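Visitor: I would like to learn how to read a protein model with the sequence beside it. Could we take one feature at a time?

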Amino acid sequence: MFNTLTEHLNKILNKISNTGRLTEQNIQNTLREVRTALLEADVSLEVIKNFIEKVKLQSIGKKFNKELTPGQELIKVVKQELINCMKNTNEHLNFSTIPPAIILMVGLQGMGKTTTTAKLGKYIQKNKKKKVLLVSLDIHRPAAIEQLKVLSEQIQVDFFSPLTIHNPLQIAQDALSYVKNKMYEVIIFDTAGRLHVNENMMKELNQIYNSISPIETLLTIDAMIGQDAHNIINQFSKNINITGIVITKIDGNARAGVALSIKEMTGKPIKFMGIGEKVDDIEAFNPEKIANRILGMGDTISIIEEIERKITKKQSHNLKKKINSGKKFTLNDFLIHITEINKSGGIVNLINRLPQNDVLKNQSPNSMNNNILKKFSAIIQSMNHTEKMDPDIIKSSRKKRIALGSGTKVQDINIMLKQFLYLQNIMKKVKTGNIKSIFENIKN
Ligand code: GDP
C-alpha cells in the first residue's frame, strides 16, 4: 500500500531531491560489512542469516535520496531493523499488584546479579518513588549477604537482615512477615548463582519462586557471555517464568550482539542494562544505543545523520524561501508538509483537531497515517493545475470528478480541503515557515 503512496509523493519530492534505488549489486559490499560487524559483535550465525535476509527484503528496490550513497542508505535500513528487532513491548517493570511488588533476581555467579539488585533498588526508589526493601537469599557465596548489606547502606535503601542464614526459603518467609504493615511497595530478592546452570540451583530457585510468587523475575546476563546467553535463558526458563533480562557490563569491550541474539532466539524482553560498576550505572534498555554499538559504525552513522539533517534543512529552507517570498501556499506544498508531519507521526494529531473526521476514526494510528496520506495524495494528483493553485474553485461538480478520478469520496475531499485551509491559515501566521514550529502550532 505504501509503495503507491511513495510513488505519488516522490513525483513531488523529486523536485527538491533526486532519488535512486537500492539494488542487489549496490548493497553487496556494505551488506558484507554488516555481516562482519554482526559476527564481530558476537551475534549468533543463525540470527545473522535471518537478519540479513530481512534487511535484503526491505532494502532491495527501496528509493533513497542521492545525497546518500547506497551503502549509507543500507546502513540506515540495518540500524532501523536492529532497533525493531530489539524493541520491547513490555520493557517496563510490572508493579500492578497489591503491594509489595516482588522482584526476584536470578542468574549465574559473576554476572552482576547482586550489584544489579542494589542498582535496581536505588533506581526504583529514586525514579519510581517507591519504598524498596532488599533481601539476600544467597547463603552459598561467602559474604554475598554482607555485599548486599554494604551496597544498601551506600544507596540508602532498606536491607532485611536475616535472622538465620541456613535456609533461603526461611529467609524469604521471614522477610515477607517482616514487611507486613510496613508500607514497602517493592521487595527485591537476590538469589545464589552457580558457575554453571545446575540441578541444585534450579531446584532451590524453583522453591523460592513458588514460595514468594514474584511479579517480575529478572535474569542477569553478562554482555561478554556471547552466544551462550540464549542457552542459559532457555535453561532458566524451563524452571521459572523469566519476565525480563538485564544485560550487564555493557560498558566493557563486548559489542553487545548478545542483545540481538537474546531477543531473536528467546523473545524475552531486555529491560535494563548495566553500564558500569557504580550503583548509578543502570539504564532502561535502549535499543538505539545498542544498535549503534552492535554495528560499531559510529562514524558512518553520524555522517548519515548529518546528511539527513542537511536534506531536511534544505527542504525546510525551500519552503521557508517560498513563504517569505510571499508566494501562495499551494496544495503541492500542502502535500510536502503533511509528508513531513507524517514522519513525526503527526497526521493523526492534525486530523484529530479538525471536524468531520469520523471517516478516519477507529483505525490504527499507522494505518490511519498511511490511509490519509494515500487518500490526500491521490486526491491532489487528480486535480488539474488550476484547481491545485486555487482550490476555492473546487465546488460540487469538480469534487465529484476528483473523487471518481482518485477513487475516494466527496467527503474525503472535503476533509482534505478543510485541513489544507487550516494549514494555509497557520502558514500565514508562522512567519518562519519552519516545519517544526508549524507542527508545534498544530499541536497547541
Ligand atoms: P553476581 O555473582 O552475579 O552477584 O555478581 P556481582 O554483582 O558480585 O558482580 C560481579 C562483578 O561484576 C563485580 O566486580 C561487579 O562490580 C561487576 N559488575 C556488575 N555489573 C557491572 C556492570 O554493569 N559493568 C561493569 N563494568 N561491571 C559490573
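Guide: Let us begin with a single pair of residues in a sheet: the bridge partner of V135 is F189, which belongs to β6. Please keep in mind throughout that this is a predicted model.

Visitor: In what sense do β4 and β6 pair, and over how many bridges?

Guide: The two strands β4 and β6 run in the parallel sense, and five bridges hold the pairing. β4 also pairs with β5, again in parallel, although here the count is two bridges, and in this pairing L134 stands opposite F159 of β5. Between β4 and β5 the chain passes through α6, and the resulting β-α-β crossover is right-handed.

Visitor: Where does helix α6 pack, and what does it touch?

Guide: Helix α6, residues 144-155, packs on the sheet and touches β4 (132-136), β5 and β6 (186-190), with its direction at about 160 degrees to that of β4.

Visitor: Why is β4 described as largely enclosed?

Guide: The general idea is to count neighbours, since a residue is called buried if 20 or more other C-beta atoms lie within 10 Å of its own. In β4 five of the five residues are buried, so the strand is largely enclosed by the rest of the structure. Both of its faces are covered, with V132, L134 and S136 buried on one side and L133 and V135 buried on the other.

Visitor: What is the strand order of the sheet as a whole?

Guide: The sheet is open, has eight strands with mixed pairing, and follows the order β5-β4-β6-β3-β7-β8-β9-β10. At its edges stand β5 (158-159) and β10 (282-284), and each has a single partner strand, so one side of each is left without a neighbour in the sheet.

Visitor: How do β7 and β8 pair?

Guide: Strand β7, residues 216-222, and strand β8, residues 244-248, are parallel and share five bridges, and within this pairing L219 stands opposite I245 of β8. Helix α9, residues 229-239, lies across β3 (101-106), β7 and β8, and runs at about 155 degrees to β7.

Visitor: Which strands pair with β9, and in which sense, parallel or antiparallel?

Guide: β8 and β9 run parallel and are joined by three bridges, with V246 opposite F272 of β9. From β8 the chain crosses through α10 to β9, and this β-α-β crossover is right-handed. β9 and β10, by contrast, run antiparallel, also joined by three bridges, and here F272 has A284 of β10 as its bridge partner. Five of the five residues of β9 (residues 270-274) are buried, so this strand is largely enclosed by the rest of the structure.

Visitor: Which residues of helix α10 are buried?

Guide: A point about helices in general comes first: an α-helix has 3.6 residues a turn, so residues three or four places apart point the same way. In α10 the buried residues are V258, A259, L260, S261, I262, K263 and T266. That is seven of the nine residues of the helix (residues 258-266), so α10 is largely enclosed by the rest of the structure. G267 follows α10 and has a positive phi, near 75 degrees.

Visitor: How should I read single residues such as Q419 and M202, as buried or as partly exposed?

Guide: The same kind of neighbour count serves here. Q419, placed in helix α18 (residues 410-429), has 23 C-beta neighbours inside 10 Å and therefore counts as buried. M202, in helix α8 (residues 199-212), has 18 C-beta neighbours inside 10 Å and therefore counts as partly exposed. Leaving aside neighbours within four places in sequence, M202 is in contact with V197 and N239.

Visitor: Which residues come nearest to the ligand?

Guide: Of the 19 residues around the ligand, G112, K113, T114, T115 and G274 come nearest. Helix α5 (residues 113-127) supplies the largest share of this shell, with three residues. By class, the shell consists of two nonpolar, twelve polar and five charged residues.

Visitor: How many helices and strands does the protein have, and what percentage of its residues is buried?

Guide: The protein has 19 helices and ten strands, and 38% of its 444 residues are buried. Of the contacts with a separation of 6 or more, 76% join residues 24 or more positions apart.

Definitions and conventions
Residues are numbered from 1 along each chain as its sequence is written. This is a predicted model: local features need pLDDT of at least 70, side-chain atom pairs count only at pLDDT 80 or more; totals for chains, interfaces and linings use all residues. A residue is near a molecule or strand if its C-beta atom, placed from the backbone, lies within 6 Å of it. Helices (H or I, at least four residues) and strands (E, at least two) are DSSP runs, numbered from the N terminus. Ala, Val, Leu, Ile, Met, Phe, Trp, Tyr, Cys and Pro count as nonpolar, Asp, Glu, Lys and Arg as charged, and the others, Gly among them, as polar. Two strands pair if DSSP finds at least two bridges between them. Two residues are in contact if their C-beta atoms, placed from the backbone, lie within 7 Å. Axes are lines fitted to C-alpha atoms, for helices over the stretch in contact, and angles run from 0 to 180 degrees between N-to-C directions. A residue is buried if 20 or more other C-beta atoms lie within 10 Å of its own, exposed if 12 or fewer, and partly exposed in between; C-beta atoms are placed from the backbone. A crossover is right-handed if, with the strands pointing away from the viewer, the path from the first strand over the helix to the second runs clockwise.
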